[in-house]
Each structure stands twice: as C-alpha cells, then as structure tokens.
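Visitor: I'm new to reading protein structures. Could you walk me through one, feature by feature?
Guide: Sure, let's put it on the screen and start.

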Amino acid sequence: MKMNPQVTKIVLYQNLGFLAIIVLCYLDELIKLPSLIFSDHPFAFVYRRTTLEILLVLAVWFVVSRSTRRIMERVRYLEKFLRVCSWCRRINYHGEWMRLEEFMQQGFDTPTTHGICTECLEQQRAAAEKARVSRETAAKAE
C-alpha cells in the first residue's frame, strides 16, 4: 500500500512525540529532576511509579495510534473518489479537468468509442416519434 508522504510525516511525528514522552518520564526519575528543580534533597528512585507512567503513556500511544490509523485509512478512501463536474461531466485527474475520453486514454490507456444505452435509445425514439407526430399535425393543419 502506497503511503502519502504527508501521512508518513504525521505518523512519524506522532511516534517521535510519544517516544520523547517515554524518555522524559524515565529520565525524570533517573536524573532526579524534581530534586534539581525544587530542592537539594534527592528523592528516592521509585521504579514502580516510572513503570506505571510509561505503561500509561504506552496505552495512550496505542489508542492514539489506532485512531490515527483509522482516520488516515478513511482519508485515503475518500481521496480515491473520482471527481466529476456536475455540469459538463469532465473528470478531475491529477488536478486537470478533462473529458471522459481523454481520462480513459491517459489514466488507463483504454481507447473509447461512443454508443447509446437502451434507456437513452428509448428516450430518443420517443422524442423522434413525438417530433414526427407534431410535424404531421402541423402539416395537416396548414
């Protein structure tokens, strides 16, 4: 699966941020940061508290990582939609609006030809018959 460079940056920064938080939690106890900031009295290194903090950060990291992954999958799914102009039926392909025939040739190397579907054929036959009847009616009226 091809990853968007912007998505890769988001995931990378998220993971680096969580790793930094884990390292800071550990270093906080290891170098006795509270005693350096607040007083000269060193505190005892409590492994249980640091381990609990790291486990909590890992749990949050897991939840955020899963949420980010789901959001990015949804964004990738929505980016796959083909945008078609409502008025002229042109297709937006790589930022350029082009006719369907050009899109099929460029995007898929598929030659195109024209035809008519059965519904449109019936509509056109009905319209032609209506026009013929109205011409005949107009010719008889004259």
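Here is our conversation about this structure, one feature at a time.

Visitor: Before we look at details, what kind of model is this?
Guide: It's a predicted model. The predictor also reports a confidence for each residue, called pLDDT, from 0 to 100. Here the chain has a mean pLDDT of 79, and 82% of its residues reach 70 or more.

Visitor: Which elements have the lowest and the highest mean pLDDT?
Guide: Helix α2, residues 33-38, has the lowest at 64, while helix α5, residues 118-141, has the highest at 90. Keep that in mind as you look around.

Visitor: How many helices and strands are there?
Guide: The chain has 5 helices and 3 strands. Read from the N terminus, the order is α-α-α-β-β-β-α-α.

Visitor: How do I find the inside of the protein?
Guide: Look at how much of each residue is accessible: under 20% relative accessible area counts as buried. Of the 142 residues in this chain, 15% are buried. The largest nonpolar core has 6 residues: F18, I22, C25, I54, V57 and W61.

Visitor: Which helices supply at least two residues each to that core?
Guide: Those are α1, residues 5-30, and α3, residues 47-79.

Visitor: I see ring-shaped side chains in there. How should I read those?
Guide: Check how far apart the ring centres are and how the planes are angled. This structure has 1 aromatic pair. The centres of the F18 and W61 rings are 5.7 Å apart and their planes are at 5°, so this pair counts as stacked. F18 sits in helix α1 and W61 in helix α3, so the pair ties together parts that are 43 residues apart in sequence. Both F18 and W61 are buried.

Visitor: What else does W61 touch, apart from residues up to four places away in sequence?
Guide: Besides F18, W61 touches N15, L19 and I22.

Visitor: What about polar residues: is Q14 buried or exposed?
Guide: Q14, in helix α1, is buried, because its relative accessibility is 15% and the cut-off is under 20%. Its side chain makes a polar contact of 2.7 Å with the side chain of T68. If you skip neighbours within four places in sequence, Q14 is in contact with V64, S65 and T68.

Visitor: And where is T68?
Guide: T68 is in helix α3. With a relative accessibility of 12%, T68 counts as buried too. A polar atom of the T68 side chain also lies 2.8 Å from the backbone oxygen of V64. Leaving out neighbours within four places in sequence, T68 contacts I10, V11 and Q14.

Visitor: Let's move to the strands. How do I read a sheet?
Guide: Strands of a sheet pair through backbone hydrogen bonds, and they can be parallel or antiparallel. In this model there's an open sheet of 3 strands, in the order β1-β2-β3, with antiparallel pairing. The edge strands are β1 (83-84) and β3 (96-98), each pairing on one side only.

Visitor: How many bridges join β2 to β3?
Guide: There are 3 bridges between β3 and β2, which covers residues 91-93, and the two strands run antiparallel. For example, Y93 has E96 in β3 as its bridge partner.

Visitor: Is Y93 buried or exposed?
Guide: Neither, quite! Y93, which is in strand β2, counts as partly exposed because its relative accessibility is 23%. Y93 also shows how sequence and space can be compared: Y93 and R83 are 10 residues apart in sequence, with their C-alpha atoms 8.0 Å apart.

Visitor: What does N92 touch, not counting residues up to four places away in sequence?
Guide: N92 touches L82, R83 and W97. N92 is also in strand β2, and with a relative accessible area of 17% it counts as buried. The N92 side chain reaches the backbone nitrogen of E96 at 3.4 Å. The C-alpha atoms of N92 and F103 are 8.6 Å apart, and these residues are 11 apart along the chain.

Visitor: Can I get a feel for contacts across the whole chain?
Guide: Yes: take the contacts between residues at least 6 apart in sequence. Of those, 40% join residues at least 24 apart.

Definitions and conventions: Residues numbered from 1 in each chain as written. Predicted model: local features only at pLDDT ≥ 70, side-chain atom pairs only at ≥ 80, totals over all residues. Heavy atoms only, no water. Core = buried A, V, L, I, M, F, W, Y, C linked by side-chain atoms within 4.5 Å. Buried < 20%, exposed > 50% of the residue type's maximum accessible area, 1.4 Å probe, protein only. Helix = DSSP H or I, 4+ residues; strand = E, 2+ residues; numbered from the N terminus. Contact = heavy atoms within 4.5 Å. Polar contact = N/O pair within 3.5 Å; in protein donor to acceptor, adjacent residues only side chain to side chain. Pairing = 2+ DSSP bridges. Phe/Tyr/Trp six-rings, centres within 6.5 Å; stacked < 30°, edge-to-face > 60°.
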